[in-house]
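Hi,

Here's the structure I promised to pass on. Have a look at it first, and then read on for what turned up.

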Amino acid sequence: MNADFLDALRQIEKEKEIPLEVLLSTIESALETAYKKNFAATGDIRVRVSSSKGGFHVFCEKEVVEKVENAHTQITLDEARKHVPDARVGDVIEIEVTPEDFGRIAAQTAKQVVVQRIREAERERVYEEFGERIGEVLTCTVQRREQRNVFVNLGKVEAILPPAEQVPTEPYRFNDRLKVYVLEVRRTPKGPQIVVSRTHPSLIRRLFELEVPEIAEGIVTIKSVAREPGARTKVAVHSNDEKVDPMGACVGHRGTRVQSVVNELYGEKIDIVRWNEKIDKFIAEALSPAKAISVTCDEKTKTALVVMPDNQLSLAIGKSGQNVRLAARLTGWRIDIRSESQVAKAALAGEDIESAEVVASAEPYPDNESAMGQIAEPVEETAQD
């Protein structure tokens with residue numbers, strides 16, 4: 001084999017991580033087909049590619065017979081003994097039939113096969129590599145827009161940020177550096193397609209893991225995340241070490257840690273609340289910065305009745321009901337908010353708290369796990385500004 005060609009194959013083996021034996025066997029298979037096509041050959045053809053300087057050799061298997069009826073598959077005993085001295089009638093022998101101009105055909109075919117094989121191997125390697133990285137956060141560069149899709153560069157490969165995974169308030173300008181969540185890797189006729197997201201709640205989890213060593217080490221745990229992409233996020237945290245304050249660890253010195261996450265999300269507001277195994281206390285925390293007077297929970301219906309001071313009512317509800325809606329999604333409970341004055345009126349009338357008028361109400365996700373892992377459709381609520 002030509003030394004330059006062999007060196008090229010070994011370079012491919014090193015760069016593309018394709019074994020040399022695989023490349024040689026693939027070339028042999030393709031050259032067999034090329035030989036049969038170009039020389040109209042029939043029978044059992046074998047092409048051998050030497051990994052030394054021997055080059056390409058074509059062999060044809062023929063049966064030794066007394067009288068030849070098919071010259072392509074049979075050979076006489078006398079002719080056979082010129083190649084194999086101890087040949088006998090009935091033996092099947094290999095005879096070299098390499099044509100003079102086979103080198104040119106071999107070179108053209110080998111080039112096509114190697115290029116195709118490299119392309120297939122690269123596609124498979126990308127699929128396997130990123131298939132193992134689903135759920136990770138990677139840094140990318142915005143490359144271009146095509147219709148509503150945004151294409152980003154992950155280094156050696158390109159990924160797609162579809163409209164459903166984009167935050168409407170983010171600009172996605174050319175050459176912007178972003179962190180994206182690897183959502184899915186799809187097999188397509190053109191190769192693997194990597195789908196990334198900027199709206200997934202787990203993006204918040206991964207960003208905090210990068211910024212907060214206590215989370216990466218498992219000292220502080222993110223129990224649940226509720227997010228309205230581009231607007232506001234609530235994160236419930238818990239410490240496994242009594243000496244470590246989970247909220248302080250996530251906020252950082254002078255807010256540096258949480259501010260890094262906010263900057264990455266183009267200014268999206270982030271509320272960090274303390275998780276509590278007692279659901280009434282957790283719901284009260286989830287409604288922060290508002291301070292509840294009381295929280296009454298019904299385990300059967302998973303509904304919480306929250307009484308708020310009149311001056312904290314709008315704070316608890318939030319703009320367009322956002323605060324109470326995120327609190328419901330964070331806790332996995334339906335939250336009904338009543339004002340202190342309405343509860344007092346009901347008490348004067350001799351009625352219980354449940355008869356007081358509901359000022360705002362929000363439904364959670366179907367279950368808390370889905371609150372931690374996906375975006376739900378907007379929930380209708382009766383919250384007022």
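Let's start with a helix: which residues of α9 (residues 279-286) are buried? They are Ile279, Phe282, Ile283 and Ala286. These residues span an arc of only 100° around the axis, so they end up on the same side of α9. If you're wondering how that fits with the numbering, an α-helix has 3.6 residues a turn, so residues three or four places apart point the same way. Before you go further, keep in mind that this is a predicted model.

Next, the largest pocket. Its volume is about 300 Å³. The lining is made up of 16 residues, and those closest to the pocket's centre are Glu122, Val126, Phe130, Lys156 and Val157. Where does the lining come from? At least two residues each are supplied by α4 (102-131), β5 (137-146) and β9 (191-197). The biggest giver is α4, with 7 residues. If you sort the lining residues by type, you get 8 charged, 6 nonpolar and 2 polar.

Then there are the rings, which are fun to find on screen. Try Phe151: Arg144 lies over the face of this ring, 4.3 Å from the ring centre. Now go to Trp275, where the charged end of Lys223 sits over the ring at 4.6 Å from its centre. As for rings paired with each other, the count comes to 1 aromatic pair.

A good way in is to colour Ile279, Phe282, Ile283 and Ala286, the buried residues of α9, and then turn to the lining of the largest pocket, where α4 gives the most.

Cheers

Conventions
Residues are numbered from 1 along each chain as its sequence is written. This is a predicted model: local features need pLDDT of at least 70, side-chain atom pairs count only at pLDDT 80 or more; totals for chains, interfaces and linings use all residues. Side-chain values use heavy atoms; hydrogens and water are left out. Buried means under 20% relative accessible area, exposed over 50%, partly exposed in between (1.4 Å probe, protein chains only). Helices (H or I, at least four residues) and strands (E, at least two) are DSSP runs, numbered from the N terminus. The arc is that of the directions from the helix axis to the C-beta atoms. On a 1 Å grid over the protein atoms alone, a cavity is a set of points where a 1.4 Å probe fits but cannot get out, and a pocket is an open set with protein on both sides within 12 Å along at least five of seven lines; lining residues have an atom within 4 Å of a point. Grid points are joined across faces, edges and corners, and a volume is the space filled by probe spheres set on the points. Ala, Val, Leu, Ile, Met, Phe, Trp, Tyr, Cys and Pro count as nonpolar, Asp, Glu, Lys and Arg as charged, and the others, Gly among them, as polar. Rings of Phe, Tyr and Trp (its six-membered ring) pair if their centres lie within 6.5 Å; planes under 30 degrees apart count as stacked, over 60 as edge-to-face and the rest as tilted. A charge sits over a ring if NZ of Lys or CZ of Arg is within 6 Å of the ring centre and within 35 degrees of the ring normal.
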